[in-house]
Amino acid sequence: MKLTLIKKIKESKDSFSFIFKSEKELLWKPGQCIFYKIPHENPDDRGTTRPFSISSAPFEKNIMLTSKFDFEKGSSFKRALFALKEGDMVEAFDLRGNFVIKNSKNKLVFLAGGVGITPFRSILLDLEYKRKDLEVTLFYGNKDNDIIFKDTLDKLANNHDWLNIHYILEPQFIDSDILRKHIKDLYNCFYFISGPLKMVQIMKEMLLKMNIESKNIIEDYFPGYSDKK
Ligand SMILES: Cc1cc2nc3c(=O)[nH]c(=O)nc-3n(C[C@H](O)[C@H](O)[C@H](O)COP(=O)(O)OP(=O)(O)OC[C@H]3O[C@@H](n4cnc5c(N)ncnc54)[C@H](O)[C@@H]3O)c2cc1C
């Protein structure tokens with residue numbers, strides 16, 4: 001499927017969103033991801049394809065990819081992505097992912113680490129659009145106050161009682177005390193974790209230690225950032 005870049009947006013000092021128009025209508029569920037192929041000269045050993053969560057909600061129609069860039073040590077793929085100009089085309093394929101709401105519980109806890117917020121933007125905007133009767137608490141761990149999608153998230157939380165957001169900035173990290181403090185009904189919630197692999201592993205271990213059942217936990221991890229928390 002061919003996608004045409006229509007807009008590039010700076011989200012934080014090192015994160016950008018890329019909005020693409022699809023040649024064919026793509027029907028995705030909030031939280032799913034898609035693979036992108038960007039052929040470029042001298043690709044490094046990581047190659048020319050990557051999966052990215054779709055950070056836009058289906059009602060927004062266009063497909064948004066949001067990513068973080070390491071301008072010194074980053075991959076050749078990210079350099080090629082960053083160099084795309086409006087009107088350039090990329091190939092997208094293999095829409096997939098189970099990181100989606102399945103309505104088993106109406107209290108949801110979202111745990112995001114850094115750029116791991118991408119599927120949650122799609123999910124939260126979709127919940128607002130469909131006026132679903134859910135209660136959501138988002139814990140969003142980040143290095144500093146330079147937070148991806150902060151304006152969108154704050155607007156959602158200000159407009160809706162069903163959403164509470166806690167930004168947890170380093171040196172603080174999301175931990176069991178913070179969850180216990182803010183979630184009254186820990187054992188009647190469904191937990192979504194998204195972020196770099198290490199962060200997802202730490203969060204899952206923490207939830208299991210708190211006796212949250214593994215059937216109530218779902219994860220989406222971003223392997224390329226596994227060297228970072
Ligand atoms: C389901 C799923 C959804 C995802 N969604 C997103 C998303 O929404 N946003 C997102 O940003 N990512 C997402 N990812 C991860 C994404 O696919 C990439 O793996 C990630 O962005 C890292 O990209 P990169 O490998 O190009 O490395 P870069 O981002 O360029 O670099 C990351 C770090 O890896 C190191 N590095 C870079 N290149 C090399 C190299 N050639 N050899 C050794 N080390 C190197 C550097 O230290 C660098 O700091 C998702 C992954 C999955 C599986």
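How much space lies in the largest pocket? Hello everyone, let's start there. In this predicted model, the largest pocket holds about 880 Å³ of space.

Let's look at the walls. The lining of this largest pocket is made of 36 residues. Lys78, Phe222, Pro223, Gly224 and Tyr225 are the ones that lie nearest the pocket's centre. If you sort the lining residues by character, you get twelve nonpolar, ten polar and 14 charged. Both domains take part: domain 1 (2-96) and domain 2 (107-225) each give at least three residues to the lining.

Which elements give two or more residues to the lining of the largest pocket? They are strand S3 (33-37), strand S4 (49-53), strand S5 (63-68) and strand S11 (217-222). S11 gives the largest share, with five residues.

Those strands lead us nicely to the sheets, so please turn your view with me.

One open sheet has six strands, and if you walk across it the order is S4-S3-S6-S1-S2-S5, with antiparallel pairing. S4 and S5 are at the edges with a single partner strand each, so each of them has one side without a neighbour in the sheet. On average, neighbouring strands here are turned by 40° against each other, direction ignored. For a detail inside this sheet, look at S3 and strand S6 (residues 89-96): they run antiparallel and are joined by four bridges. Phenylalanine 35 has phenylalanine 93 in S6 as its bridge partner.

Now to the other sheet on my list. Five strands form an open sheet in the order S9-S8-S7-S10-S11, and here the pairing is parallel. Its edge strands, S9 and S11, each pair on one side only. Neighbouring strands of this sheet are turned by 10° against each other on average, again ignoring direction.

Let's visit both ends. At one edge, strand S9 (residues 163-169) pairs with strand S8 (residues 135-142) in the parallel sense over seven bridges. Threonine 137 finds its bridge partner in S9, namely asparagine 164. S8 and S9 also belong to a right-handed β-α-β unit, together with helix H3 (residues 150-159).

At the other edge, strand S10 (residues 190-196) and S11 run parallel, joined by six bridges. There, glycine 195 stands opposite tyrosine 221 in S11. And S11 brings us back to the beginning, as it provides five residues of the lining of the largest pocket. Thanks for listening!

Terms used
Residues are numbered from 1 along each chain as its sequence is written. This is a predicted model: local features need pLDDT of at least 70, side-chain atom pairs count only at pLDDT 80 or more; totals for chains, interfaces and linings use all residues. Side-chain values use heavy atoms; hydrogens and water are left out. On a 1 Å grid over the protein atoms alone, a cavity is a set of points where a 1.4 Å probe fits but cannot get out, and a pocket is an open set with protein on both sides within 12 Å along at least five of seven lines; lining residues have an atom within 4 Å of a point. Grid points are joined across faces, edges and corners, and a volume is the space filled by probe spheres set on the points. Ala, Val, Leu, Ile, Met, Phe, Trp, Tyr, Cys and Pro count as nonpolar, Asp, Glu, Lys and Arg as charged, and the others, Gly among them, as polar. Domain bounds come from an automatic or database domain assignment. Two strands pair if DSSP finds at least two bridges between them. Axes are lines fitted to C-alpha atoms, for helices over the stretch in contact, and angles run from 0 to 180 degrees between N-to-C directions. A crossover is right-handed if, with the strands pointing away from the viewer, the path from the first strand over the helix to the second runs clockwise.
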